[in-house]
Amino acid sequence: MKVVAFSGSARKGGNTATLLNGVLAELTAAGIETELVELAGKPVSGCIACYKCFKNKDRRCAVGKDIINDCLAKMEAADGIILGSPTYFADVSAGMKALIERCGMVARANNDMFKRKVGAGVVAVRRAGAYHVFSSLNAFFLIGQMIVVGSSYWNIGIGREAGEVSQDLEGIKTMNDLGRNMAWLLQQLHGSK
């Protein structure tokens with residue numbers, strides 16, 4: 001089994017990556033292969049609504065100048081997908097929005113290619129707006145017929161400066177619980193313990 005996590009933060013190794021690594025550590029401890037993909041420094045543009053993915057049905061985006069097709073391949077190969085974003089003006093980052101738009105469109109064009117995979121959203125926030133981000137991330141999973149796993153609280157960690165989220169003990173516990181819950185669900189779905 002494998003889980004791939006995508007960090008939509010503009011800062012490599014920032015609070016979003018810290019939270020995602022907390023989830024991935026629990027999955028790794030359960031024997032599940034993991035990978036973290038950070039979008040930071042990699043230009044990604046939004047969907048241009050060309051609808052070529054619906055015409056081609058090749059499980060790829062027709063706009064091939066960035067990393068989206070690599071991300072699609074990683075999502076398709078994984079049993080679980082985690083999307084993580086900082087809170088930018090009460091919503092996901094531009095990079096995460098582009099990933100959602102384009103991967104979501106290609107998936108829908110190809111018979112909901114992520115159907116029944118396990119998904120989870122993770123949010124880094126300074127103060128407010130996180131729940132809207134959480135909802136935006138979960139919408140990607142729900143429209144794609146994925147199974148959304150929960151935790152002991154909303155999957156949110158509080159911190160502004162890089163590393164500050166590590167001081168949010170409840171947020172860190174929430175990520176650890178999310179990782180354990182995701183591992184359990186994947187094991188149930190794949191008949192292993």
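Two strands are taken to pair if DSSP finds at least two bridges between them, and in this predicted model β3 and strand β4 (residues 118-125) pair in the parallel sense over seven bridges. Within that pairing, Gly119 of β4 is the bridge partner of Ile81. Strand β3 is also joined to strand β1 (residues 2-7), with which it runs parallel, by five bridges, and here Phe6 has Leu83 of β3 as its bridge partner.

The surroundings of strand β3 were examined next. Seven of the seven residues of this strand (residues 80-86) are buried, so β3 is largely enclosed by the rest of the structure. In a regular strand the side chains alternate between the two faces of the sheet. In β3, Gly80, Ile82, Gly84 and Pro86 point one way, whereas Ile81, Leu83 and Ser85 point the other way, and all of these residues are buried.

The protein as a whole contains six helices and six strands, which follow one another from the N terminus in the order β-α-β-α-α-β-α-β-α-β-β-α. Its radius of gyration is 16 Å, close to the 16 Å that the globule rule gives for 193 residues, so the protein is as compact as a globular protein of that length. Along the principal axes, the C-alpha atoms fill a box of roughly 50 × 40 × 25 Å. Of the contacts with a separation of 6 or more, 76% are accounted for by residues 24 or more positions apart, and buried residues make up 50% of the 193 residues.

At the surface, the protein exposes about 9,200 Å², of which carbon and sulfur atoms supply 52%.

How values were computed:
Residues numbered from 1 in each chain as written. Predicted model: local features only at pLDDT ≥ 70, side-chain atom pairs only at ≥ 80, totals over all residues. Heavy atoms only, no water. Helix = DSSP H or I, 4+ residues; strand = E, 2+ residues; numbered from the N terminus. Rg over C-alpha atoms; globule rule 2.2 N^0.38 Å. Buried < 20%, exposed > 50% of the residue type's maximum accessible area, 1.4 Å probe, protein only. Contact = heavy atoms within 4.5 Å. Areas by Shrake-Rupley, 256 points an atom, 1.4 Å probe, with all protein chains shown as cover.
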